[in-house]
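I'm opening a fresh notebook page for this one. The plan is to pick one part, look up its details, and jot down what I find.

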Amino acid sequence: MPRLLCTCEPYHVSARFHLTMEVAIRDLEAGAARDAQLLSLLDDPGHRRRQQLLVESQLERAFQLQELLARTRVRTDRAA
């Protein structure tokens, strides 16, 4: 997935969306940690390779969301 271009202005998001992104990042990181622990239990090299790819993709997605989250600011107004 291509990197997003950095802009000077932050993205203004709702507190709910910001929290949702934080939870998604934590879930991806926790899932990657669980899946990484399973690597040692797998015998087949193909299974280990696919499991490692899964872990790497989860961590990459978490990193992408962290980059996006760093460029957001929570809206202070209550506009709908």
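Which residue caps the N-terminal end of H2? I looked, and Asp-44 does it: one of its side-chain oxygens lies 2.8 Å from the backbone nitrogen of Gly-46. A reminder to myself before going on: this is a predicted model.

**Entry: the helix itself**

I checked the extent of H2 next. Helix H2 covers residues 45-70, which is 26 residues. From its first C-alpha to its last I get 37 Å, close to the 38 Å expected at 1.5 Å a residue.

**Entry: what is hidden**

Then I listed the buried residues of H2: Gly-46, Gln-51, Val-55, Gln-58, Ala-62, Gln-64, Leu-65 and Leu-69. So Gly-46, whose backbone nitrogen meets the Asp-44 cap, is on that list too, given that buried means under 20% relative accessible area. What covers these residues? I found that the cover includes helix H1 (15-38) and strand S2 (72-74).

**Entry: Gln-58 and Phe-63**

I picked two residues of H2 to compare. Gln-58 lies in this helix, and so does Phe-63. Is Gln-58 buried or exposed? It is buried, because its relative accessible area is 14% and the cut-off is under 20%. Phe-63, at 38%, is partly exposed, since that value falls between 20% and 50%.

I also looked up who sits against Gln-58. Leaving aside neighbours within four places in sequence, Gln-58 is in contact with Leu-28, Gly-31, Ala-32 and Asp-35. For Phe-63 I noted a distance instead: its C-alpha is 9.2 Å from that of Glu-29, although the two are 34 residues apart along the chain.

**Entry: the core**

Which residues make up the largest nonpolar core? I count 5 in all: Met-21, Ile-25, Ala-62, Leu-65 and Leu-69. H1 and H2 each supply at least two of them, and the largest share, 3 residues, comes from H2. A general note in the margin: in soluble globular proteins, nonpolar side chains tend to be buried together.

I zoomed in on Leu-65. Not counting residues up to four places away in sequence, Leu-65 touches Met-21, Ala-24, Ile-25 and Leu-28.

**Entry: over to H1**

Last stop was His-18, which lies in helix H1. His-18 is buried, with a relative accessible area of 17%. Beyond its neighbours within four places in sequence, I found His-18 in contact with Val-13, Leu-69, Thr-72 and Val-74. Leu-69 is a name I had already written down, as one of the core residues.

Methods
Residues numbered from 1 in each chain as written. Predicted model: local features only at pLDDT ≥ 70, side-chain atom pairs only at ≥ 80, totals over all residues. Heavy atoms only, no water. Helix = DSSP H or I, 4+ residues; strand = E, 2+ residues; numbered from the N terminus. Expected span 1.5 Å × (residues − 1). Buried < 20%, exposed > 50% of the residue type's maximum accessible area, 1.4 Å probe, protein only. Contact = heavy atoms within 4.5 Å. Polar contact = N/O pair within 3.5 Å; in protein donor to acceptor, adjacent residues only side chain to side chain. Core = buried A, V, L, I, M, F, W, Y, C linked by side-chain atoms within 4.5 Å.
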